[in-house]
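Thanks for sharing this one with me. Here is the structure again, so that we can go through my notes side by side.

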Amino acid sequence: MQDLLSIIIPVYKVEKYLPRCVDSVLNQSYSNLEIILVDDGSPDGCPEICDDYCGKDARIRVLHKENGGLSDARNRGIEIARGKYIGFVDSDDYIHQDMYMNLWMNIKREEADIAVCGICKVYGEKPAGDISFENEAAVYTGRGAVKNIFDAKLYLSSVVAWNKLYKRELFHAVRYPEGKIHEDEFTTYKLFWESAKVVYISGKYYYYYQRDDSIMGQRKVEFSADILEAYEQMNEYFTNAGEWDIVQLIKYRYMCLLKKYAVQLKKAGEYSLSDKLENIYKTEYKKNIRLIKGIKRKIRLWMYRWFKINF
């Protein structure tokens, strides 16, 4: 018997993309779904599109609310979700028809708390690169899944909210941070840490649409201190837990981000903020270089400290 899955779709200024997104969820081979469309005060035609879909399929629920941002929309969806498992889809993306079937089957087979699938980036109307539907599975402890966030190859699929299926109980004490961007960096590690087992499948079932006017598109040219704050909170979380192997990974990524943004801001003429980040980098380097494991990482940080680096 299929468990009920609650799929939460935050909706804001995406009338061009919303039908494709909702249709891809409605057409899932896994049918026991409740689809929660959270209209985050969208000023375009999205509220009417949501209501129209609600009238066509009994599995759809619509929540209209004042604009509060992506995290607030996700949190409101979590609060009214009735499913045993929860998933998220961003409303400008779409998914393969077998995504939730495969995630659910792997959760059940491995007795996991979270299932993760691969991601395929989409530019225009065409997915980029290889589209793999092979379902090779890799199983990690929650601790191992946290460490995957710091792996270059697994970073994107690990950190984002939307290519996953979660046991609902994981959200009892976890919510997305309101008023922040990089909301996933504030949150996913907590969900992994609370999990006994996380299963990754290799199939690329989530289609991540790339558009210039999205929040992510804007992040490419704008620095936000939120990403640094997320890593500072992560550091405190695992320092309190005494997880020093994870702490040194956090410190390494934090210093790399400081240098990356310092260079980019300098190129953009933001000299004051660039200098501020450079000074923070120097302080962090002196404090933490002995903590960092791996000679390649140490050399890279040393080069960042003493040489001009382009990002």
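The numbered points below go through helices, cysteines, buried side chains, salt bridges and a surface patch.

1. A word on the source before anything else: this is a predicted model. Please read each point below with that in mind.

2. Let me begin with helix H4, residues 99–110. Its 12 residues should span 16 Å at 1.5 Å a residue, and the end C-alpha atoms are 17 Å apart, so the two values agree. Much of the interest here lies in the buried positions, which are Met99, Tyr100, Met101, Asn102, Leu103, Trp104, Asn106 and Ile107. After H4 comes glutamate 111, with a positive phi near 55°.

3. Helix H10 covers residues 244–267. For its 24 residues the expected span is 34 Å at 1.5 Å a residue, and the distance between the end C-alpha atoms, 35 Å, agrees with that. Of these 24 residues 18 are buried, so H10 is largely enclosed by the rest of the structure. Here too a residue with positive phi follows the helix: glycine 269, near 85°.

4. Cysteine 117 is worth a look on your screen. This residue sits in strand E6, residues 114–123, and counts as buried because its relative accessible area is 1%, under the 20% cut-off. Leaving aside neighbours within four places in sequence, cysteine 117 is in contact with Met99, Leu103, Ser157, Asn163, Ile201, Gly203, Tyr205 and Tyr206. Two of those partners, Met99 and Leu103, are among the buried residues of H4. The C-alpha atoms of cysteine 117 and leucine 165 are 9.0 Å apart, although their positions lie 48 residues apart along the chain.

5. How many disulfides does a search of the whole structure find? The count is 0. Cysteine 46 is a useful case: the nearest cysteine sulfur belongs to cysteine 50 and is 6.2 Å away, and cysteine 46 is in no disulfide. With a relative accessible area of 0%, cysteine 46 is buried. Cysteine 256 counts as buried too, at 14% relative accessibility.

6. Is arginine 74 buried or exposed? This arginine, placed in helix H3 (residues 70–80), is buried, with a relative accessible area of 0%. Not counting residues up to four places away in sequence, arginine 74 touches Ile8, Pro10, Phe88, Asp90, Ala161, Trp162, Tyr176, Glu183 and Asp184. I would have a look at that list, since the acidic residues Asp90, Glu183 and Asp184 are part of it.

7. Strand E3 (residues 60–65) holds leucine 63, which counts as buried at 17% relative accessibility. Its contacts, not counting residues up to four places away in sequence, are Leu37, Val38, Asp39, Arg76 and Ile80. The C-alpha atoms of leucine 63 and aspartate 51 are separated by 9.5 Å, with the two residues 12 apart along the chain.

8. Now to the charged pairs. The count comes to 19 salt bridges. One of them joins arginine 61 and glutamate 34, with the closest N and O atoms 3.0 Å apart. This pair links distant parts of the chain, from strand E3 to strand E2 (residues 33–40), across 27 residues. Arginine 61 is partly exposed at 23% relative accessible area, whereas glutamate 34 counts as buried at 3%.

9. Another salt bridge is formed by aspartate 40 and lysine 65, whose closest N and O atoms are 2.4 Å apart. Again the link runs between strands E2 and E3, here with the partners 25 residues apart. Both aspartate 40 and lysine 65 are buried.

10. Lysine 293 and aspartate 245 also meet in a salt bridge, 2.4 Å from N to O. Lysine 293 is in the loop between helix H11 (271–288) and H12, while aspartate 245 is in helix H10, 48 residues apart. Lysine 293 counts as partly exposed at 44% relative accessibility, and aspartate 245 is partly exposed at 26%. Salt bridges with shared partners join Arg143, Glu243, Asp245 and Lys293 into one network.

11. Finally, the surface. Ile295, Ile299, Trp302, Met303, Trp306 and Phe307 make a nonpolar patch of about 660 Å². Among them, methionine 303 lies in helix H12, residues 295–306, and is partly exposed with a relative accessible area of 36%.

Notes. Residues are numbered from 1 along each chain as its sequence is written. This is a predicted model: local features need pLDDT of at least 70, side-chain atom pairs count only at pLDDT 80 or more; totals for chains, interfaces and linings use all residues. Side-chain values use heavy atoms; hydrogens and water are left out. Patches are made of residues with over 30% relative accessible area and no salt bridge: like charges are joined within 9 Å, nonpolar side chains (Val, Leu, Ile, Met, Phe, Trp, Tyr) within 5 Å. Accessible areas come from the Shrake-Rupley method with a 1.4 Å probe; for residues, only the protein chains shown count as cover. A salt bridge is a side-chain nitrogen of Lys or Arg within 4 Å of a carboxyl oxygen of Asp or Glu. Helices (H or I, at least four residues) and strands (E, at least two) are DSSP runs, numbered from the N terminus. Buried means under 20% relative accessible area, exposed over 50%, partly exposed in between (1.4 Å probe, protein chains only). The expected span of a helix is 1.5 Å times one less than its number of residues. Contact means heavy atoms within 4.5 Å. A disulfide is a pair of cysteine sulfur atoms within 2.5 Å.
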